[in-house]
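Subject: Handover of a structure

Dear colleague,

Please find the structure below, together with its sequence. My account of what was found in it follows.

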Protein chains: 2
Amino acid sequence: MANPTAAMLVIGDEILSGRTRDSNMHFLANELTRHGIRLMEARVVADDHGTIVQAVRALSEQWDHVFTSGGIGPTHDDITADAIAAAFGAKIGHRADAMALLQAHYDRAGLPFNDARQRMARIPDGATLIDNPVSTAPGFTLGNVHVMAGVPKIFEAMVASVMPTLTGGDPLLSQTLRVNRGEGEVADAFRRLAAAYPDLSMGSYPFIQNGAHGTNLVIRGTDPAQIDAAMAELAALFP
Amino acid sequence: MANPTAAMLVIGDEILSGRTRDSNMHFLANELTRHGIRLMEARVVADDHGTIVQAVRALSEQWDHVFTSGGIGPTHDDITADAIAAAFGAKIGHRADAMALLQAHYDRAGLPFNDARQRMARIPDGATLIDNPVSTAPGFTLGNVHVMAGVPKIFEAMVASVMPTLTGGDPLLSQTLRVNRGEGEVADAFRRLAAAYPDLSMGSYPFIQNGAHGTNLVIRGTDPAQIDAAMAELAALFP
């Protein structure tokens, strides 16, 4: 069975300006790999309506799933929900189910459920809510796009809510051999091994440690027996 | 003067699989901001020729500069240089200037300058070399695309080599006010302030610390006097 594919769309000026270092992409990449979904592309775009609409359309047409982070809070720069609705030509308004969740949350906290907070109940028609156990304001899934918060703790909780609803594939496995030689020394033999195993993907990642050059040789695939066989050959090449 | 724009293209299966956490995007974002170049978009793509060609073409047409990281080493999965050449319809081969640099480097190190290592001298016709003070193998600039290594130490050294050759703009400045209130409480006043300063960009970034909700309110722009004025109003709103 072919593995499902996915893209990630990180929405936020603060990432592009360097103010904030994104951590959601790395978290999602690992979760998807574990679930046998291939992350094929990731993009970071600014808080701009037209840009978000265009990126969502392009990615949702090309891949099985799109995961977005950022821009679903109560402030004026939170424009993701409206952009997703526009990308799908869906109506958007304060939805009763999200209003009820948030009303109860702010009642419990003794805080006013003001206009800004009600903004977080703007959910496109036809979307399914994504549970937010951290701070209640929900994400949502519309079509094949899963829309989540940017705050890492909330993003991670929402990914945990969404993941069990998705059909994964065979887990994407990898094994690594670390060798204390530079890439230039191992390249020829590694290239021949890669050619001998066309169903596996092999990558080479150099590092410098204490001034010495080393290389991590990584073999990826979905068939554990084939990976084991290739790793045994690799280990024999570089004992 | 309008600030020049840029995009980043991170090339590497190891980022998309979650094996490696990219740090080059965050580094470049800060360097560009300091130089007055606006990072408008970033993409991460797989080690796939057609995908890289398509992304390079799209980004180099849309933005003033494109910075790539990854895929210029000696192994079979290092396919960036050929993809950049293809994107621009340029010829590529072992270029004499890069061959001379690398030959001298491996002679000094007493290592054979073998086929794999010579692969790092594959540079498109018409490209300018980017100096690599860490490990010699050069990056290059072709058209408006700056092609650099993925290993962070080398990427950072190459960015330092390239940056002085680029015309920047007014530095992109920002100031932050940290308030111990949730976003929902500050949103209305912040929205009105943002509307009063159309030349500035204002963003709101919630955080949770010791269980309490707080918000960083960020004002960005290129005119220091205007940012100061807006910050003074903001501080008066949330003393």
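The copies are superposed by least squares on the C-alpha atoms of residues with pLDDT of at least 70 in both. The model is a predicted one, and the description below should be read accordingly.

I begin with the two chains. A turn of 180 degrees, with a shift of 0.0 Å along the axis, lays chain A on chain B with an RMSD of 0.0 Å. The two copies are therefore related as by a two-fold rotation axis. Which residue of chain A comes closest to the rotation axis? It is A:Arg43, whose C-alpha comes to 2.2 Å from that axis. As for the interface, 100% of the interface residues of chain A are also interface residues in chain B, so the copies meet through the same surface.

Within chain A, the division is into domain 1 (5–165) and domain 2 (173–237). The C-alpha centres of domain 1 of chain A and domain 2 of chain A are 37 Å apart.

A helix pair in chain A may also be of interest. Helix α3 (residues 49–62) and helix α4 (residues 80–88) of chain A pack with their axes 9 Å apart, at an angle of about 50 degrees. Because angles from 35 to 65 degrees fall outside the parallel and perpendicular ranges, α3(A) and α4(A) are oblique to each other. Their crossing is right-handed. On the side of α3(A), A:His49, A:Ile52, A:Val53, A:Val56 and A:Arg57 take part in the contact, meeting A:Thr80, A:Ala83, A:Ile84, A:Ala86 and A:Ala87 in α4(A). The residues of this contact comprise seven nonpolar, two polar and one charged.

With kind regards

Technical notes: Residues numbered from 1 in each chain as written. Chains lettered and ligands numbered in written order. Predicted model: local features only at pLDDT ≥ 70, side-chain atom pairs only at ≥ 80, totals over all residues. Contact = placed C-beta atoms within 7 Å. Axes fitted to C-alpha atoms, helices over the stretch in contact; angles between N-to-C directions. Helix = DSSP H or I, 4+ residues; strand = E, 2+ residues; numbered from the N terminus. Parallel < 35°, antiparallel > 145°, perpendicular 65-115°, else oblique. Left-handed = near helix turned anticlockwise from the far one by under 90°. Nonpolar A, V, L, I, M, F, W, Y, C, P; charged D, E, K, R; others polar. Domains from an automatic or database assignment.
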